[in-house]
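Take a moment with the model below. Turn it slowly, and then follow the text from one element to the next.

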Amino acid sequence: MLFTPGQAIPTLLFVTLVGTVFVLQFGAWGSALTRRLLRLPAPPPPPRWVVVLGRVRRPLFWVGTVCILYGWLVEPRWVQVTHHEVAIRGADAATDPRLRIFHLSDLHCEAKRGPWAEAVVAAAREAAPDLAVLTGDYLNVVNVTPTAGSLPGIVDDLLRALPPSTPVLAVRGNFDIWGRALEVLRERGIRVLDNDVEALTLRGVPVDVAGLRVFDEAKPLALAARFRPGALTVFLHHMPDFLPEAAETGADLYLCGHTHGGQVRLPLYGALLTLSRYGKRFEMGEYRVGGTWAYVNRGLGLEPWPAPQVRFLCRPEVAIIDVLVKRP
Ligand SMILES: [Fe+2]
């Protein structure tokens, strides 16, 4: 989780601009109200630049207010199911098997059930995937207690919605180094890969999944040494920060989250803040590094308070990834 100067400067500029507009507008309203209540005489006409500033300030204030209300009330509950297809090693859609991966990330569950939960469960039922992967940040700090809220219920519903034979694999996020989130997953039979490799066979295809533990990452090369020859190889990590290293091992896929796609995105600029060591380079979506296809999931939940409880131009995401694999 890194706050680099390249991300800090635009973020601080944006927050300062928004804060200034709101302070000036409320200040103007406050002084008008005070004058009226105290029956003060009308002030002298302001200089021209103050008049011009007022004309700019008022529309900015109302546009900002509408955006904040939309980002708070609408977007966090408006789940987008995204579909992706990737062919590995020249696989052919007509003859080679297609493995479906259901990818969730950054649930950030609070005590109350997330507004995205029902859409996610419905998407799991409809997708009927061969493999489900969860790439970290399951609970927000505020409810990392033995009575933690909605995560157990959501995981139970998710497991009921998936086909019974679907393996579910997880890695920990930066919010999962304290608390009970991983216990909740493990109690339900979900395998948490902490610098470990799971060897699967899906539709007759050997699939090796390596999970890198956040903040204590084994070298991807060390885990890749355990991959079976000819297997489809997948790295899971919470962050995109080890994508180049994983690509050097020749892995087929790298799936992660963490950036939330910025959570607040500006038109034409994208994510203000990713908290990745690569800044905006892997902010969200599909990437290809060497022979590795990567997906950076925008996640479902929100960074905990006091971070703004909004998503803007960055809807919660369920990613469904169809992987065409050359039959060994
Ligand atoms: Fe997160």
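**A walk through the fold**

In strand S4, Val168 is the bridge partner of Ala132. This pair is a good place to start. Keep in mind that the model is predicted.

Ala132 belongs to a wider pairing. Strand S3 covers residues 131–134, and strand S4 covers residues 168–170. The two strands run parallel, and 3 bridges join them. Ala132 has a second neighbour as well: Phe102 stands opposite Ala132 in S3. That link takes us to strand S2, residues 98–104. S2 and S3 run parallel too, joined by 4 bridges.

Now look at the other side of S2. Here S2 pairs with S14 in the antiparallel sense, over 6 bridges. One example is Leu99, whose bridge partner in S14 is Val323. S14 itself is made of residues 317–325. How much of S2 is covered? Most of S2 is: 5 of its 7 residues are buried.

These pairings belong to one sheet. Its order is S1-S14-S2-S3-S4-S5. The sheet is open, has 6 strands and shows mixed pairing. Which strands stand at the edges? They are S1 (80–88) and S5 (191–192). Each has a single partner strand, so one side of each is left without a neighbour in the sheet.

A helix lies across part of this sheet. Helix H3, residues 117–127, lies across S1, S2 and S14. Its direction is at about 170° to S2.

Move on to another sheet. It too is open, with 6 strands and mixed pairing. The order here is S6-S7-S8-S9-S13-S12. The edge strands are S6 (196–202) and S12 (285–289). One side of each lacks a neighbour in the sheet, because each has a single partner strand. From one strand to the next, the twist averages 20°.

Look closely at the S12 end of this sheet. S12 pairs with S13, residues 292–296, in the antiparallel sense. The pairing runs over 5 bridges. Within it, the bridge partner of Tyr287 is Ala294 in S13.

Next come two helices. H1 spans residues 5–37, and H2 spans residues 48–73. They pack with their axes 9 Å apart. What is the angle between H1 and H2? It is about 110°. H1 and H2 are therefore roughly perpendicular to each other. The crossing of H1 past H2 is left-handed.

Which residues make the contact? From H1 come Val18, Val21, Phe22, Leu24, Gln25 and Ala28. From H2 come Gly54, Arg57, Arg58, Leu60, Phe61 and Gly64. By type, the residues of this contact divide into 7 nonpolar, 3 polar and 2 charged.

Finally, step back to the whole chain. The protein chain has 7 helices and 14 strands. Its C-alpha trace spans about 85 × 40 × 40 Å along the principal axes. Of its 328 residues, 37% count as buried. Consider also the contacts in the chain with a separation of 6 or more. Residues 24 or more positions apart account for 75% of them.

How values were computed:
Residues numbered from 1 in each chain as written. Predicted model: local features only at pLDDT ≥ 70, side-chain atom pairs only at ≥ 80, totals over all residues. Axes fitted to C-alpha atoms, helices over the stretch in contact; angles between N-to-C directions. Parallel < 35°, antiparallel > 145°, perpendicular 65-115°, else oblique. Left-handed = near helix turned anticlockwise from the far one by under 90°. Contact = placed C-beta atoms within 7 Å. Nonpolar A, V, L, I, M, F, W, Y, C, P; charged D, E, K, R; others polar. Pairing = 2+ DSSP bridges. Buried ≥ 20, exposed ≤ 12 C-beta atoms within 10 Å, placed from the backbone.
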